[in-house]
Amino acid sequence: MSTSRATQVHRTAPDWDVSQWLNSDALDLERLRGKVVLLEAFQMLCPGCVAHGIPQAQRVESAFAGADVQVVGLHSVFEHHAAMTPVALEAFLSEYRVTFPVAVDRHAEDDPTPLTFARYAMQGTPTTVLIDREGRLRMQRFGAVEDLVLGASIATLLEERDVVPAPAETADEDRAGVCTVGGECS
C-alpha cells in the first residue's frame with residue numbers, strides 16, 4: 001500500500017479558475033466566506049473518485065445540511081481530455097445523482113494541467129480540500145480520507161471562530177484507486 005501525507009496549512013486558499021459551473025450559479029471563495037468549504041477534486045474516469053471521493057462528498061452534503069458547510073466538486077481533468085467533456089460530465093452527474101455544485105477546472109492553451117489543480121499543487125485525484133470560514137486552506141489530502149476523520153475535521157472548523165490553531169500533525173491515508181498526473185491509476 002502506498003501512502004501520502006496530508007497538507008495542513010493556514011494560508012489563504014487560492015482562487016478557483018473554472019470555465020463552467022454545473023448544478024449552481026458561479027461560486028467563489030469570497031462569496032463563501034463564513035462557511036466551511038469542502039472542495040472535492042475529481043475526474044469522472046478516476047476509480048477512487050467514483051468509488052470514494054464523490055460518494056463521500058454526497059454524504060457530507062447530506063450530513064451537514066443546514067450547517068455552514070458548502071460542498072463543491074472540482075472536475076480537474078489532466079488526462080483523457082477528449083472523453084471528459086462538459087457534456088459527458090453533465091451526464092455523469094445526472095447518472096450518479098450528484099446535486100452539489102461542480103466547477104469545470106479551466107486549462108491554459110496547450111497545457112494539460114488544469115489551472116486550479118496547479119494552484120493547489122494537487123498530486124492527482126481524488127483530492128479532498130477543506131477551507132475554513134475565513135478562506136484559509138486547512139487540509140488537503142490526495143487519496144481516500146476516512147469519513148470519521150473528515151467529519152471530525154469539518155465539525156472542528158465549524159466550531160472555530162476567528163482562531164487559528166496550531167497546525168495539526170499529518171496522517172497517512174489510503175491511495176487505492178487514485179489517479180496521478182503521470183497517468184497512473186491504482
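## Starting with a tryptophan

Is W21 buried or exposed? In this predicted model, W21 has a relative accessible area of 14%, so W21 is buried. The cut-off behind that call is simple: buried means under 20% relative accessible area.

W16 gets the same kind of check, and at 12% relative accessibility W16 counts as buried.

## Rings that pair up

Let's look at the aromatic rings. The structure holds 4 aromatic pairs. One of them joins W16 and W21, with 6.1 Å from centre to centre and 50 degrees between the planes, which makes it a tilted pair.

Another pair brings together F92 and Y96: their ring centres are 4.6 Å apart and their planes sit at 35 degrees, so this pair is tilted. How do these two residues fare for exposure? F92 counts as buried because its relative accessibility is 9%, while Y96, with a relative accessible area of 39%, is partly exposed. Ring pairs also bring in F42, linking F42, F92 and Y96 into a cluster.

## Strand β5 and its neighbours

Now find strand β5, which covers residues 102-105. Both of its faces are covered: V102 and V104 are buried on one side, and A103 and D105 are buried on the other.

Who pairs with β5? Strand β2 (residues 18-22) does so in the antiparallel sense, over 4 bridges. Strand β4 (residues 69-75) runs parallel to β5, and 3 bridges join the two.

V104 is a handy spot to see both pairings. Q20 stands opposite V104, and H75 stands opposite V104 too.

Methods. Residues numbered from 1 in each chain as written. Predicted model: local features only at pLDDT ≥ 70, side-chain atom pairs only at ≥ 80, totals over all residues. Heavy atoms only, no water. Buried < 20%, exposed > 50% of the residue type's maximum accessible area, 1.4 Å probe, protein only. Pairing = 2+ DSSP bridges. Phe/Tyr/Trp six-rings, centres within 6.5 Å; stacked < 30°, edge-to-face > 60°.
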